[in-house]
Structures are given as structure tokens and as C-alpha cells.
Amino acid sequence: MRGCPVSVPGMSTALQNETVELLQQLIRFDTVNPPGNERPAIEHLERYCTQAGFDCVLLADDPQRPNLVATLGATDGTDGPVLCLLGHVDTVLADPAAWEHDPWSGDVADGFLWGRGALDMKDQVAAEAVAAVSLAREGWRPARGALRLVFVSDEETGGDVGARWLCENHPDAVRCDMLLNEGGGEVFEFSGRRHYGVCCAEKGIYRFTITAHGEAGHASMPTIGDNALLKLAPVLAALADPPPGYAMTEAPAALLRGLGLDPDDPDSSLQALRAENPGLFVMAAPMFQVTLTPTMASASQKMNVIPSRAEIRVDCRTPPGLGESETLARIEQVLGIRDGEGPFTISFTERTIGNASPVESELMTFISRWVEQADPGASAVPLILPGFSDSNWFRTAFPECVGYGFFPQRHQSLLESAPLVHSANERIDVRDLGFATGFYRDCISGLLGS
Ligand SMILES: [Zn+2]
């Protein structure tokens with residue numbers, strides 16, 4: 001393990017300003033996905049990296065939606081590790097009427113930079129790019145291994161032309177040993193101590209449909225048919241109040257230990273978390289269990305016809321490593337029904353197993369030391385992202401790769417940031433752009449040699 005040169009809090013304002021400027025430029029490209037139309041934003045980043053001496057290549061399945069791979073150093077793996085800084089440039093949609101500043105303005109006001117993508121995740125793309133480009137411009141080159149910047153399209157709708165496509169079709173272009181992506185890093189407090197979450201895993205997605213079968217009939221005579229919709233009432237009630245059940249994995253167990261709680265007693269630990277910090281509990285509880293959230297329903301197509309068939313669609317998220325059979329077992333336990341028995345069938349419409357990186361690694365050691373020096377008294381703790389990210393595709397393609405989500409925010413906390421993601425008035429404290437750029441610079445030179 002090399003030393004851990006920390007450049008904050010004396011981090012240069014010039015670099016913070018450069019990150020602010022690049023983020024403003026990125027936000028002004030409308031990359032709402034669908035349709036994405038990420039080409040102008042990706043080409044902007046390509047020019048920025050090429051000028052600093054990076055080898056740049058655009059790889060695209062859809063010509064309007066390319067992905068940028070910018071490399072510095074030898075990537076054959078013989079000379080040391082490949083460190084990859086990953087980011088997506090597409091965003092979800094935004095309704096300007098609900099915003100205080102236009103979502104594509106990149107306005108700086110009240111100490112914040114406003115715009116769609118300011119947190120998810122053009123901020124990180126800008127900080128990663130400025131960190132890497134500023135080092136390269138100063139003449140820095142890896143003393144060992146290589147640095148790779150991978151800026152992709154199409155994360156918000158699944159990566160079919162983005163990270164997933166890259167990992168499956170151009171693995172040699174994006175292969176890496178260490179990966180930094182979105183999913184963690186905002187500061188939060190517990191028991192009087194400041195913590196920075198490092199996302200070591202994302203949950204899997206096992207969306208499914210529960211169908212109840214009955215018999216049609218005229219709605220004027222309720223008992224003439226067998227109303228499939230009514231059969232779903234107990235299923236909905238069970239979803240509203242599921243029995244406790246935990247699937248404890250490595251990262252959340254380490255999180256509880258890091259917070260001074262007991263992973264062998266998840267019930268009491270989660271109660272303690274809820275009592276002290278209800279907002280944190282809402283975000284943390286899904287890390288420990290299969291979540292089942294009904295989001296869509298359908299039954300009869302006609303007002304006067306008793307439905308012979310009724311459906312509920314459930315967004316189900318699973319802890320990493322949990323496969324289809326274990327997921328189905330938990331679903332049947334919660335709902336008290338079995339697939340194919342009685343009037344019910346359960347069918348999966350989407351299956352992506354969640355994966356994880358180990359919580360102990362050279363990268364984690366670096367992050368922990370950096371946090372301790374950059375924010376004295378604070379600590380880094382592992383966590384699982386309740387949602388999904390492109391890290392999953394990298395871990396699947398490169399099982400040896402250690403991939404974490406980490407974008408350190410010291411000023412704008414987790415509880416302040418989380419409600420703004422995918423929401424109106426998305427914004428970032430400009431001081432955190434400097435803080436994060438400092439982290440990526442230290443990380444690059446610390447892990448690849450200065
Ligand atoms: Zn994102």
C-alpha cells in the first residue's frame with residue numbers, strides 16, 4: 001500500500017472551478033434517456049481528454065449513443081493494475097415547471113450547482129475527468145498499471161447500448177482491476193460520528209407478476225362469475241405488512257459493525273438505527289432483505305365485466321448473490337401462496353442477480369485512509385445500494401475486478417442528497433465538487449504511483 005497524499009482541504013480552487021465549469025457544460029447537453037442522444041456530451045469529453053494526452057476511442061452500438069474509453073498507460077496487466085473511473089452521462093427526465101432553476105441551465109446559485117444530472121451523475125463524471133485530465137496535463141503518467149476513464153451512455157434504462165453492451169462486446173477495451181462508479185460517498189452521521197458509505201454491491205432485480213385466475217360474468221350479478229380481482233386482496237395485504245426476514249450479506253454486516261451495531265441481531269440493530277435516525281433507516285433497511293413493492297395492477301378491460309384474470313406487478317430487489325429459487329421461496333413465504341397452486345401463478349419478468357465486491361481490498365484501504373485524513377474523526381463504511389448500477393456489468397464480466405461506488409460529499413449529506421436524485425431541484429454543493437475532484441486525484445496518484 002502506497003502513501004495516501006491528501007490534497008484537501010487545501011484543494012486548489014482552480015480545480016474546483018474547472019469541475020464546476022465542466023459540470024455546467026455537461027448539464028447543458030440534454031441527455032434525457034430515452035432517447036439519450038448522448039453523442040454531443042460524449043464527444044465533448046473526448047476532446048477534453050484527448051487534449052491532455054489520453055488515448056481515446058468511441059465505441060457505439062447506436063451511433064447517436066457512443067461510449068468513451070480514454071486510457072493513459074499500459075493496459076496489458078503485466079505492469080500493474082488498471083484503475084477505471086466510470087460514469088454515465090444520460091439522465092432521467094425533468095419537468096422544468098417543478099424546478100426553481102431550469103434543469104438544463106447549470107446555474108450556480110446559493111452555493112449549489114443546479115441541474116438534472118448534478119447528482120446522478122454528471123457531477124462524478126466531471127470530477128473524475130478533471131482529476132485525471134489535470135494530472136495528465138501536469139505531465140503525470142502511471143508509474144505502474146494504467147488509468148482508464150469510461151464514460152457511457154444509457155445507464156438509466158439498463159445499459160443495452162452502454163456499460164452492459166461494452167462489457168459484453170468490448171471486454172478488452174474496458175477490462176479493469178479496480179473500478180470506481182456511482183452509489184456512495186455522501187456523509188452521514190450516526191452516534192455522533194461522521195461516516196462515508198462505500199458502495200460494495202448493488203441489489204439484484206427480480207420483477208414478477210402475480211396473476212389470479214377466476215371466471216368472467218356480468219358485473220350486475222356479482223356471484224355469477226368468480227372475481228379474480230378479489231382474490232388479490234389478501235396478497236396486497238401481505239405485501240403491505242411482510243413478516244421479518246433477513247438475508248445478511250458481507251457489506252451490510254460490515255456496515256453494522258462500523259456503526260457499533262450487531263450484525264448477528266439484525267432486528268435490534270435496525271430498531272436502534274430507526275430510533276436514532278429514521279431517515280437513515282429508510283435507506284438502510286433494504287440492504288438487509290428482499291424488498292417487494294407492488295407498483296402496477298390490472299384486471300378487467302370493461303367496467304361491466306367481472307374479471308377472469310387480475311394481475312399485480314411487483315418490483316422485487318434482492319441482496320447480492322440471491323438467485324431465483326431463493327427469491328421465489330421468500331415471495332411465497334411473504335404472500336402465503338405458491339406458484340401454480342390454487343388460483344395463483346407467479347412469473348418473473350426480469351431477472352438480474354445482484355453481485356458484490358469484497359469489503360476488504362487495496363482500494364478500500366485507500367478510501368478509508370483518505371477519509372480519515374480528509375475529514376478527521378470520520379470513517380468509511382461499506383454499504384449496498386438498494387438500486388442498480390453499471391458496476392454490476394463490470395463485476396459480471398470481470399470477476400476479479402473490485403468495484404465500488406464512491407463520490408465523497410463532505411458538505412451535502414446523504415439525507416440532503418438522496419431526496420433530490422431523480423427529483424426536482426437536483427443540485428450539488430459546489431464545495432463537494434472540489435472535495436471529490438481532490439479524492440480522485442489522490443486516488444489515481446496513490447494507486448498508480450506519482
Ligand atoms: Zn446514476
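**Exercise 1. Find the salt-bridge partner of glutamate 324 and place both residues in the chain.**

Step 1. Glutamate 324 forms a salt bridge with arginine 351, with 2.7 Å between the closest N and O atoms. The term stands for a side-chain nitrogen of Lys or Arg within 4 Å of a carboxyl oxygen of Asp or Glu.

Step 2. The two residues are 27 apart and link distant parts of the chain: glutamate 324 belongs to helix H11 (residues 324–335), and arginine 351 to strand E15 (residues 344–352). Helices (H or I, at least four residues) and strands (E, at least two) are DSSP runs, numbered from the N terminus.

Step 3. Now for the surroundings. Glutamate 324 counts as partly exposed at 34% relative accessibility, and arginine 351 is partly exposed with 49%. Here buried means under 20% relative accessible area, exposed over 50%, and partly exposed in between (1.4 Å probe, protein chains only).

Before you go on, a word about the model: it is predicted, so local features need pLDDT of at least 70 and side-chain atom pairs count only at pLDDT 80 or more, while totals for chains, interfaces and linings use all residues. Residues are numbered from 1 along each chain as its sequence is written, and side-chain values use heavy atoms, with hydrogens and water left out.

**Exercise 2. Describe the salt bridges of aspartate 375 and aspartate 429, then turn to the whole structure.**

Step 1. Aspartate 375 meets arginine 410 in a salt bridge (3.6 Å, N to O). The partners are 35 residues apart: arginine 410 sits in the loop between strand E17 (402–405) and helix H14 (414–417), and aspartate 375 in the loop between helix H12 (362–374) and strand E16 (379–385).

Step 2. Aspartate 375 is buried at 4% relative accessibility, whereas arginine 410 is partly exposed at 24%.

Step 3. For aspartate 429, the salt-bridge partner is arginine 431, and their closest N and O atoms lie 2.7 Å apart. Aspartate 429 is buried at 6%, while arginine 431 is partly exposed at 44%.

Step 4. Zooming out, the whole structure has 22 salt bridges. Arg207, Asp315, Arg317 and Glu350 are linked in a network of them.

**Exercise 3. Locate the cis peptide bonds at proline 34 and methionine 121.**

Step 1. Asparagine 33 and proline 34 are joined by a cis peptide bond with omega of about -5°. Proline 34 has its place in the loop between helix H1 (13–28) and helix H2 (39–51).

Step 2. Another cis peptide bond joins aspartate 120 and methionine 121, with omega about -15°. Look for methionine 121 in the loop between strand E5 (112–114) and helix H3 (122–137).

**Exercise 4. Examine the positive phi angles of aspartate 110 and histidine 422.**

Step 1. Aspartate 110 is not a glycine, yet its phi is positive, about 55°. This aspartate lies in the loop between strand E4 (108–109) and E5, and at 67% relative accessibility aspartate 110 counts as exposed.

Step 2. Histidine 422, also not a glycine, has a positive phi of about 65°. You will find histidine 422 in the loop between H14 and strand E18 (427–429), partly exposed at 44%.

**Exercise 5. Count the secondary structure elements and judge how compact the chain is.**

Step 1. The chain has 15 helices and 18 strands.

Step 2. Its radius of gyration (taken over C-alpha atoms) is 24 Å, close to the 22 Å from the globule rule for 450 residues, so the chain is as compact as a globular protein of that length. That rule is 2.2 Å times the number of residues to the power 0.38.

Step 3. Of the 450 residues, 56% count as buried.
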